[in-house]
Amino acid sequence: MEADAGGSGSGPREAADSRQSTDTATATVAVVRRSPPHPAEAAPNNNTDQDIEKLRNSADRQDSVPMGELNGAAYVTIHEVPSSPRADNFGKVSVLPLVFLIFYEVSGGPFGVEDSVGAAGPLLALLGFLVFPFIWSVPEALITAEMGTMFPENGGYVVWVSSALGPFWGFQQGWMKWLSGVIDNALYPVLFLDYLKSGIPALDGGWPRVVAVLALTLLLTYINYRGLTIVGWAAVALGVFSILPFVVMGFVSIPKLEPSRWLVVNLHNVDWNLYLNTLFWNLNYWDSISTLAGEVNNPKKTLPRALFYALILVVLGYFFPLLIGTGAVPLDRELWTDGYFSDIAKIIGGVWLRWWVQAAAAMSNMGMFVAEMSSDSFQLLGMAERGMLPDFFAKRSKYGTPLTGILFSASGVILLSWLSFQEIIAAENFLYCFGMILEFLAFVKLRIKHPNASRPYKIPVGTIGAIAMCIPPTILIGVVLALSTLKVAIVSLVAVVIGFIMQPGLKYVKRKRWLKFSVSSNLRDLDDDISQESNVSLVD
């Protein structure tokens with residue numbers, strides 16, 4: 001959960017002190033050159049040691065930049081959060097792999113959006129994937145960019161909520177988001193097999209399906225074990241392969257397109273629960289990338305840019321395949337279920353295009369699985385580095401990956417893989433909604449309580465604007481929760497209660513010293529650092 005993950009080893013103490021003193025002095029000179037002193041700062045002050053200590057404990061100050069844009073300004077570092085020496089031995093994730101990791105955290109392509117047409121028809125499906133991003137995806141991505149650069153640690157949203165609402169709610173956030181992520185990951189082997197079962201009927205059920213789920217889960221878990229940089233570049237390759245068949249399908253479908261098919265709608269025959277859950281599931285999880293912030297190269301610049309590019313890629317990756325499928329093929333809403341794009345490919349281009357789409361779907365589900373598992377496992381590592389979980393969750397493999405977190409996440413996937421597609425998305429959406437409410441509260445509270453704290457990327461709105469931005473998605477959360485079935489609501493609420501019991505239980509274990517808990521020395525003190533950032537303005 002830290003900026004670069006927490007191994008226990010560190011360099012020589014003297015070298016670290018010398019480097020910190022040098023960095024502090026250099027940063028102090030840079031600040032003086034960039035802006036004249038405030039009148040209060042220009043007054044004589046005999047407490048020189050206290051002033052130096054205040055500078056040393058202050059965090060970065062720099063001008064905010066628009067999302068996805070670089071203004072060329074150098075970042076002025078007063079006291080950068082130190083990186084874990086062990087984590088620095090492994091490669092960091094750059095912009096392009098990060099874009100595709102976000103793409104797979106959120107989307108992975110149009111596989112799974114078919115139910116939106118089956119539930120509401122072509123017009124509402126198309127409008128949903130155009131309008132819904134502005135209600136939900138854009139606010140979530142913007143908040144992730146601001147908060148992720150404010151707290152560039154592997155714990156991501158757990159740190160945000162802990163800082164604003166306290167460690168109890170931070171733990172609840174971590175529990176609910178991890179559980180919803182594992183439930184989400186249980187879906188991908190199911191989707192993978194759904195796309196292959198038309199070509200391999202034996203995978204439709206029974207022991208062949210069970211064995212296939214287990215084998216696929218173990219294979220993809222091993223890829224996660226081998227390192228995040230491998231996962232990142234694998235996501236790039238898988239992403240390109242998954243998108244290409246729909247580009248080809250678009251060109252092949254042009255003679256068959258009938259625009260009137262896009263306008264078909266029947267408001268009296270809409271399954272709103274399935275429709276909204278499908279939209280919500282396909283356009284959320286933008287915040288998941290925050291749990292990898294400590295593994296990103298220069299996250300304060302890279303993260304906002306990657307979120308901006310990924311947002312464009314995700315929306316286009318949904319809208320145009322839906323435009324092609326609904327416009328080129330006569331409508332039969334009952335056929336629009338998960339896996340139907342492979343049938344559309346056969347109708348439009350033939351068997352060869354169908355096999356390409358099925359292969360792309362398989363590759364896409366692999367990409368979504370490894371991306372989600374990376375976020376889930378690094379989140380557990382980050383929580384351990386903040387003392388919320390036992391130390392063994394913070395241990396890294398020789399490839400720099402959180403081995404215990406990976407094993408826990410993989411076990412959860414196997415246990416939950418028996419659920420159906422609709423049950424999975426409904427259950428994870430319910431838990432995810434609770435987590436997002438905590439994130440919105442944390443975002444607003446930090447804006448009110450610490451308006452001057454360092455935010456390398458800051459949404460260009462004031463406190464009122466920040467509150468207003470959270471209102472539409474919060475209303476949407478209420479609608480999604482209200483439409484949930486009783487079974488999903490009961491199961492999800494039981495999971496929430498488990499979290500309420502688990503946190504004090506772990507505190508008791510810690511107090512009895514049955515397991516070792518510790519906070520990484522490389523992490524910033526949330527309360528002290530943010531308060532000092534808010535009270536001491538070093539750069540205008």
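Me: Where is Thr291 found, and why is Thr291 called buried?

Reply: In this predicted model, Thr291 is in the loop between helix H11 (272-282) and helix H12 (299-328). Buried means under 20% relative accessible area. Thr291 has a relative accessible area of 0%, so Thr291 is buried.

Me: What makes the pairing of Thr291 with Ser375 a polar contact?

Reply: A polar atom of the Thr291 side chain lies 3.1 Å from the backbone oxygen of Ser375. The cut-off for a polar contact is a pair of N or O atoms within 3.5 Å, and 3.1 Å fits that limit.

Me: Which backbone atoms does the side chain of Thr149 meet?

Reply: Thr149 sits in helix H6. A polar atom of its side chain lies 2.8 Å from the backbone oxygen of Ala145, and a polar atom of that side chain lies 3.4 Å from the backbone nitrogen of Tyr457. Both distances are within 3.5 Å. Thr149 also has a relative accessible area of 0%, so Thr149 is buried.

Me: Why is helix H7 described as largely enclosed?

Reply: Helix H7 covers residues 157-165, and 8 of its 9 residues are buried, so the rest of the structure largely encloses this helix. The buried ones are Tyr157, Val158, Val159, Trp160, Val161, Ser162, Ser163 and Ala164. Just after H7 comes Gly166, with a positive phi of about 105°.

Me: What makes Glu146 and Arg447 a salt bridge?

Reply: The test asks for a side-chain nitrogen of Lys or Arg within 4 Å of a carboxyl oxygen of Asp or Glu. For the side chains of Glu146 and Arg447, the N to O distance is 2.9 Å, so this pair passes. The pair links distant parts of the chain, with Glu146 in helix H6 (residues 122-150) and Arg447 in helix H16 (residues 421-449), 301 residues apart.

Me: How do you know whether Glu146 and Arg447 are buried or exposed?

Reply: Set each value against the 20% limit for buried. Glu146 has 0% relative accessibility, so Glu146 counts as buried. Arg447 has 3%, so Arg447 counts as buried too.

Me: What makes Lys177 and Glu439 a salt bridge?

Reply: Their side chains meet at 2.6 Å, N to O, and that is within the 4 Å limit. This pair also links distant parts of the chain: Lys177 is in helix H8 (residues 167-196) and Glu439 in helix H16, 262 residues apart. Lys177 is buried because its relative accessible area is 1%, and Glu439 is buried because its relative accessible area is 1%.

Me: Why is Asp343 called partly exposed, while Arg354 counts as buried?

Reply: These two side chains meet in a salt bridge of 3.6 Å, N to O. The pair joins Asp343 in helix H13 (residues 340-349) to Arg354 in helix H14 (residues 351-385), 11 residues apart. Partly exposed runs between the 20% and 50% limits. Asp343 has a relative accessible area of 29%, so Asp343 is partly exposed. Arg354 is at 15%, under 20%, so Arg354 is buried.

Me: Which residues do shared salt-bridge partners join into one network?

Reply: Glu146, Arg447 and Arg455 are joined that way. The structure holds 8 salt bridges.

Me: How do you know that Ile471 can belong to a nonpolar surface patch?

Reply: Patch residues need over 30% relative accessible area and no salt bridge. Ile471 has 43%, so the area requirement is met, and Ile471 counts as partly exposed because 43% falls between 20% and 50%. The patch is about 910 Å², and its members include Val265, Trp272, Ile448, Ile471 and Leu483. Helix H17 (residues 463-482) gives the most to this patch, with 5 residues, and Ile471 lies in that helix.

Me: What makes the patch around Lys510 positive?

Reply: Lys507, Lys510, Arg511 and Lys512 gather there on the surface, and Lys and Arg count as positive. Lys510 itself is found in helix H18 (residues 486-512). At 42% relative accessibility, Lys510 lies between 20% and 50%, so Lys510 counts as partly exposed.

Me: Why does Met363 count as partly exposed?

Reply: Met363, in helix H14, has 26% relative accessibility, so Met363 falls between the 20% and 50% limits. The C-alpha atoms of Met363 and Phe241 are separated by 7.7 Å, although these residues are 122 residues apart along the chain.

How values were computed
Residues are numbered from 1 along each chain as its sequence is written. This is a predicted model: local features need pLDDT of at least 70, side-chain atom pairs count only at pLDDT 80 or more; totals for chains, interfaces and linings use all residues. Side-chain values use heavy atoms; hydrogens and water are left out. Patches are made of residues with over 30% relative accessible area and no salt bridge: like charges are joined within 9 Å, nonpolar side chains (Val, Leu, Ile, Met, Phe, Trp, Tyr) within 5 Å. Accessible areas come from the Shrake-Rupley method with a 1.4 Å probe; for residues, only the protein chains shown count as cover. The place of a charge is taken as NZ of Lys, CZ of Arg, CG of Asp or CD of Glu. Helices (H or I, at least four residues) and strands (E, at least two) are DSSP runs, numbered from the N terminus. Buried means under 20% relative accessible area, exposed over 50%, partly exposed in between (1.4 Å probe, protein chains only). A polar contact is a pair of N or O atoms within 3.5 Å; within protein, one must be able to donate a hydrogen and the other to accept it, and residues adjacent in sequence count only if both atoms are side-chain atoms.
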